[in-house]
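Biologist: I should like to learn how the local and packing features of a protein model are to be read. May we work through them one at a time?

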Amino acid sequence: MPTVEVDPDELRRLTGHGEKDDDQLKSDLFGLGLEFEGETEAGWFELEFAPDRLDRLSVEGVARSLRYQYGDDRGVHVPKTNAPDWSIVVDDQVPDERPYVTGAIVRGISLDEQALESLIQLQEKLHATMGRDRAKGAIGIHDLTMLKGAAATDAPAAQSITYTGIDPEGDTFVPLDSDAEMTPADVLSDHPIGDKYAPLVEDYDRYPAIYDDIGLFSFPPVINGRRTEVSTDSRDLLVEMTGTDQWTIDRMLNIVCYALDARGATIEEMVVEYPDHEVHRPDFEIETKRVSHDRIESIIGVDLDADEIVDLAERSGLDAEMREVGDDELAYDVDVPPYRTDVLHPLDVIDDLGRAYGFNELAPIYPDVSTVGGRHERSRHERAVRDVLVGLGFEDLLNFYLVSHEGNYDRLGIGPGFDGVGGGEPVTITEPYSEEYGMVRTWGLPSLLTVLENNTHRAYPQDLAEIGLAASVNPDEPTGVEEWRSVAGVLARTEASYEDAKARLQAVCRRFECDLETPPTNHPSFIDGRTATVEIDGQAVGVIGELHPGILVEHDLELPVAAFEFRLSALR
């Protein structure tokens, strides 16, 4: 899961609870679903956050949630906005591939080093999640005092900037972290940030660009100009965002505006003038979800009166108003604040109510049915295999089933068209919050290598195993998707070898009275001549071998790794 770094002292200041020590803060954060993962060298908390709560990507957002949890804040808060003084004019030269823009003016912000670091972190985390690594939405933050607006004509705002498209070899500007004037094409070829994000725009006929009356100052989604760089001396800011989807960049803008509002800033509207219409941003419109009283009680599992439900909603940062619907039926119209991008369904509201009530306060009860559930035979079998692996010295893991295309295929030297273990057309997520979780993994080995990569500072040997879900597209299945449980194991140690992996695999097969054969094979992830097919009871169900040095280098591993993977069903 992604992590966010939070200064505990800043958290205490923003919540107004200086009496909370670090242990109390960690406990309170855990109640929000934010798990403590460690500390930075500066003593900041590293918190693992759920990708649905993107409003908690900054210390300001985390502090807001804690204040609701403490009861210091209640209900929906909407920042007040001043009338627009600036507009963004979108002309007909804007690239069709990136047609949307939004923005806001932020005045009176006080930025010390911590506040500036928090703002930069929020910007980058939003890029990585909602922004799909800037492909869907990119954020530019500028010192407003360094901009000279053009005189607006028909707009209600007095000054304007222009979002347009320019020739790759067109106007020049000085990008961040540079002293030289560059064209957009120069940035893509000669600047390290430009080189990183070049794939986003290099196929465009015209590149996105934002101008003020002085000239080019932003090349989205790649890099801003040095002229408008934000520092601790900046007091007024322009926040602009461009992207491929208006809803996404508007919600990203809301999250940034709420974070700056928590710092005491004043938000000022901007007018976005498209060729055929105009909109005022930021869009702080409140959405309303209707939830029935019976459904709330049924899902949470407790009896609640109307006042309690309204109270729980307000303690969640929502507003609820009771309604009578139908014959003696109660429901609630629940207002959702503009920064909550995750509340899409009434069940999301009920989840918030349950968290405010306290899931740990729910008393476990047997369901009102005639039978009592038990462990399924498949689950008992899986547990038995897991126990054998642990007995052989493996550390049992549970990783996420959603991974990135790069992590599942590219970093292992294979692709979806590979006809072997790990190949297969991926089951993809249509609208993932992050590219890191864009598909269901087709095998378990990439997950284990990611754990090894993240634990190079730990002592060796590291023997890891996992039994988990894998899937691929299969038109012959009724659902169009084939799913299976995969058993994967890695041995990372100084003298890890094919023989070490086979000895453990042989022990597993012997425990379940299965015959194991390992005829030689080739696999891009493994060393030729040190790789074999896993055949259990005469069926080819997996692969075993020593990982290729290129795969080890890709994952920053300096020790040899032997590994195996096969389908759990083969051990039945």
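Biologist: In which loop is D537 found?

Modeller: The model is a predicted one. D537 lies in the loop that runs between β25 and β26 (539-547). Its backbone deserves attention, since phi of D537 is near 50 degrees, a positive value in a residue other than glycine. With a relative accessible area of 43%, D537 is partly exposed.

Biologist: What value does phi take at E513, which is not a glycine?

Modeller: Phi of E513 is positive, at about 55 degrees. E513 belongs to the loop between α14 (498-511) and β24. Is E513 buried or exposed? The relative accessible area of E513 is 75%, and a value over 50% counts as exposed, so E513 is exposed.

Biologist: Let us turn to peptide bonds. Which residue is joined to P461 by a cis peptide bond?

Modeller: That residue is Y460, and omega of the bond is about 5 degrees. P461 is placed in the loop between α13 (445-454) and β22 (462-473). A further cis peptide bond leads from P220 to P221, with omega near 0 degrees. P221 sits in the loop between β10 (216-219) and β11 (223-224).

Biologist: I turn next to sheets. What is the strand order in the open sheet of seven strands?

Modeller: The order is β18-β22-β23-β27-β26-β25-β24, and the pairing is mixed. The edges of this sheet are β18 (395-397) and β24 (516-517); each has a single partner strand, so one side of each is left without a neighbour in the sheet.

Biologist: In which sense do β24 and β25 pair, parallel or antiparallel?

Modeller: β24 and strand β25 (residues 526-536) are paired in the antiparallel sense, over two bridges. One position to inspect is L516, whose bridge partner in β25 is I536.

Biologist: How many residues of strand β8 are buried?

Modeller: Six of the eight residues of strand β8 (residues 159-166) are buried, so β8 is largely enclosed by the rest of the structure. Its pairings can be taken in turn. Strand β4 (residues 81-90) runs parallel to β8 and is joined to it by five bridges; here I88 stands opposite I161 of β8. Strand β7 (residues 150-151) pairs with β8 in the antiparallel sense over two bridges, and A151 has Q159 of β8 as its bridge partner. The pairing of β8 with strand β9 (residues 207-211) is likewise antiparallel, over five bridges, with T162 opposite Y211 of β9.

Biologist: How is the packing of two helices described?

Modeller: The description rests on the angle between the two axes and on the distance between those axes. Helix α1 (residues 8-15) and helix α3 (residues 59-70) pack at an angle of about 50 degrees, and their axes are 9 Å apart. That angle makes α1 oblique to α3. The crossing of these two helices is right-handed. On the α1 side the contact is formed by E10, L11, L14 and T15, and on the α3 side by V59, E60, V62, A63, L66, R67 and Y70. By class, the contact of α1 with α3 has seven nonpolar residues, one polar and three charged.

Biologist: At what angle do the axes of α4 and α7 cross?

Modeller: The axes of helix α4 (residues 113-128) and α7 cross at roughly 165 degrees and come within 11 Å. Angles over 145 degrees count as roughly antiparallel, and α4 and α7 are therefore roughly antiparallel to each other. Their crossing is right-handed. The contact involves L119, L122 and L126 of α4, together with M252, I255, V256, A259 and L260 of α7. The contact of α4 with α7 consists of eight nonpolar residues, with no polar and no charged ones.

Biologist: Is D250 buried or exposed?

Modeller: D250, which is found in helix α7 (residues 246-261), has 2% relative accessibility and so counts as buried. Leaving aside residues up to four places away in sequence, D250 touches T102 and R281. A separation in sequence may also be set beside a separation in space: D250 and Y100 are 150 residues apart in sequence, and their C-alpha atoms are 9.8 Å apart.

Note on methods:
Residues are numbered from 1 along each chain as its sequence is written. This is a predicted model: local features need pLDDT of at least 70, side-chain atom pairs count only at pLDDT 80 or more; totals for chains, interfaces and linings use all residues. Side-chain values use heavy atoms; hydrogens and water are left out. Axes are lines fitted to C-alpha atoms, for helices over the stretch in contact, and angles run from 0 to 180 degrees between N-to-C directions. Helices (H or I, at least four residues) and strands (E, at least two) are DSSP runs, numbered from the N terminus. Angles under 35 degrees count as roughly parallel, over 145 as roughly antiparallel, 65 to 115 as roughly perpendicular and the rest as oblique. A crossing is left-handed if the near helix is turned anticlockwise from the far one by less than a right angle, and right-handed if clockwise. Contact means heavy atoms within 4.5 Å. Ala, Val, Leu, Ile, Met, Phe, Trp, Tyr, Cys and Pro count as nonpolar, Asp, Glu, Lys and Arg as charged, and the others, Gly among them, as polar. Two strands pair if DSSP finds at least two bridges between them. Buried means under 20% relative accessible area, exposed over 50%, partly exposed in between (1.4 Å probe, protein chains only).
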